[in-house]
Amino acid sequence: MKRLVYVLLAIFLVFGGSAMAQKHKNDSASVKIIFNGNFKFFKKRIIDTTVLMRKDNKLFIQRNGEWIDTLYFNKKVQEMKEGKDKENIKMVKKVDAATGKVIEVPVIVPKYRFSGHWTGVEFGLNTFMNSAGKLQLPDTAKLMELNTGKSWAFHWNIIQVSPKIYKDKVGLVTGLGWNFNNYNFEKQVILNHDTSFIRLFEDPTANSYKKNKLSVSYLTIPLLIEVKPSRHFFFAVGAIGSLKLYSRQKITYSNNRVGIDKNDFYINPLKLDLTARLGTSMFTMFMNYSMTPLFEKNKGPEIIPLTVGLGINF
């Protein structure tokens with residue numbers, strides 16, 4: 001109803017100038033009514049008038065290139081001067097299709113607000129490093145050599161909060177996510193958890209395995225500092241804390257029999273990753289380096305997970 005009232009008021013103001021238009025009978029002027037930035041043209045034999053209807057139903061009127069002192073406009077100008085307004089009015093020159101004249105058309109330009117890049121889905125590859133930061137396993141973990149091409153990670157980042165720190169360029173990003181990691185072993189290794197620590201041994205039955213993988217799932221909470229040099233590019237660094245939800249080893253044998261062992265395997269229940277991320281408004285490249293070994297201290301070999309991948313931002 002409010003929108004209808006404003007439209008009727010706009011039509012009244014437009015046609016209120018018809019008396020002045022009598023001296024321009026030979027002119028083919030036009031009325032331009034702009035709804036939410038979309039132009040609608042109505043050819044009328046009256047003076048050049050532009051009516052701007054904003055998304056919040058505020059109304060502006062312009063005639064012959066000059067704003068009319070009417071609804072809301074003076075307050076708008078004052079708010080813009082005081083820096084309180086959340087958007088700007090930009091005058092853009094366009095060619096009037098009816099008259100061929102260059103006219104100025106008001107365009108609403110929302111002020112850019114900082115928004116981080118966490119929510120979305122990510123796909124990556126997992127590998128292991130030793131405590132010295134090298135892409136090789138310690139002697140105590142040689143049996144856990146990975147088939148990296150099949151050791152994939154899936155991250156679903158669900159919730160995001162990103163308050164700004166400095167203007168629209170720097171902000172703090174946190175939220176909530178869910179990670180699922182597969183570690184696909186090259187060898188026929190079994191993780192024996194029947195003792196007070198993980199024992200690794202190789203199944204002596206030759207060629208009996210088709211697949212052998214360890215799966216671990218986490219609930220994640222990030223804490224990132226994100227910098228945006230431009231509206232369409234960003235980079236971020238920070239940490240991701242994780243809480244282990246479950247873990248299991250799944251073995252698929254050559255006869256298609258499947259064995260599943262659900263256990264904690266002395267995997268660290270809490271994990272802390274350092275992360276580096278960069279990308280655009282749509283895509284993210286990331287690397288997560290774990291500061292926490294996969295297994296609890298003195299409960300298994302000291303190996304460090306590393307994940308590298310790509311994400312699609314929501």
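Visitor: How many salt bridges does a search of the whole structure find?
Guide: The search finds 2 salt bridges in this predicted model, and each of them can be set against the rule that gives such pairs their name.

Visitor: Why is the contact of Glu122 with Arg277 called a salt bridge?
Guide: A salt bridge needs a side-chain nitrogen of Lys or Arg within 4 Å of a carboxyl oxygen of Asp or Glu. The closest N and O atoms of Glu122 and Arg277 are 2.2 Å apart, so the pair meets that rule.

Visitor: What makes Glu122 and Arg277 a pair that ties together parts of the sequence?
Guide: Glu122 belongs to strand S8 while Arg277 belongs to strand S17, so the pair ties together parts that are 155 residues apart in sequence.

Visitor: How do you know whether Glu122 is buried or exposed?
Guide: A residue counts as buried when its relative accessible area is under 20%. The value for Glu122 is 4%, so Glu122 is buried. For its partner Arg277 the value is 3%, and therefore Arg277 is buried as well.

Visitor: Why does the contact of Lys271 with Asp273 count as a salt bridge?
Guide: The closest N and O atoms of Lys271 and Asp273 are 2.9 Å apart, which lies within the 4 Å that the rule allows, and so the name applies. Lys271 has a relative accessibility of 12% and counts as buried because that is under 20%. Asp273, with a relative accessible area of 5%, is therefore buried too.

Visitor: Over which ring does the charged end of Lys271 sit?
Guide: The charged end of Lys271 sits over the ring of Tyr218, 4.9 Å from the ring centre. There is also Arg257, which lies over the face of Tyr253 at 4.2 Å from the ring centre.

Visitor: How many aromatic pairs are there?
Guide: The count comes to 7 aromatic pairs. One of them is made by Phe123 and Phe154, whose ring centres are 5.5 Å apart and whose planes stand at 50 degrees to each other.

Visitor: Why is the pair of Phe123 and Phe154 called tilted?
Guide: Rings pair if their centres lie within 6.5 Å, and planes under 30 degrees apart count as stacked, over 60 as edge-to-face and the rest as tilted. The 5.5 Å of Phe123 and Phe154 satisfies the distance, and their 50 degrees fall in neither outer class, so the pair is tilted. The pair links distant parts of the chain, with Phe123 in strand S8 and Phe154 in strand S9, 31 residues apart.

Visitor: What makes Phe154 and Trp178 an edge-to-face pair?
Guide: Their ring centres are 6.2 Å apart, which is within 6.5 Å, and their planes are at 70 degrees, which is over 60, so the pair is edge-to-face. Here too the link joins distant parts of the chain, since Phe154 is in strand S9 and Trp178 in strand S11, 24 residues apart.

Visitor: How do you know whether Phe123, which has a relative accessible area of 47%, is buried, partly exposed or exposed?
Guide: Partly exposed is the class between under 20%, which is buried, and over 50%, which is exposed. The 47% of Phe123 falls in between, so Phe123 is partly exposed. Phe154 at 23% is partly exposed by the rule, and Trp178 at 27% is partly exposed by it as well. Phe123, Phe154 and Trp178 are among the members of one aromatic cluster, which also includes Trp152, Phe180 and Tyr246.

Visitor: How do you know that strands S14 and S15 pair?
Guide: Two strands pair if at least two bridges are found between them. S14 (residues 209-230) and S15 (residues 233-253) are joined by 19 bridges, so they pair, and they run antiparallel. Tyr209 has Tyr253 in S15 as its bridge partner, and the two strands form a hairpin with 2 residues between them.

Visitor: Which other strands does S15 pair with?
Guide: S15 pairs with strand S17 (residues 270-280) in the antiparallel sense over 11 bridges, and there Phe233 stands opposite Thr280. S15 is also joined to strand S16 (residues 258-262) by 5 bridges, again antiparallel, with Asp261 in S16 as the bridge partner of Gln249. The hairpin of S15 and S16 has 4 residues between the strands, and in it Asn256 takes a positive phi near 70 degrees.

Note on methods:
Residues are numbered from 1 along each chain as its sequence is written. This is a predicted model: local features need pLDDT of at least 70, side-chain atom pairs count only at pLDDT 80 or more; totals for chains, interfaces and linings use all residues. Side-chain values use heavy atoms; hydrogens and water are left out. Rings of Phe, Tyr and Trp (its six-membered ring) pair if their centres lie within 6.5 Å; planes under 30 degrees apart count as stacked, over 60 as edge-to-face and the rest as tilted. Buried means under 20% relative accessible area, exposed over 50%, partly exposed in between (1.4 Å probe, protein chains only). A charge sits over a ring if NZ of Lys or CZ of Arg is within 6 Å of the ring centre and within 35 degrees of the ring normal.
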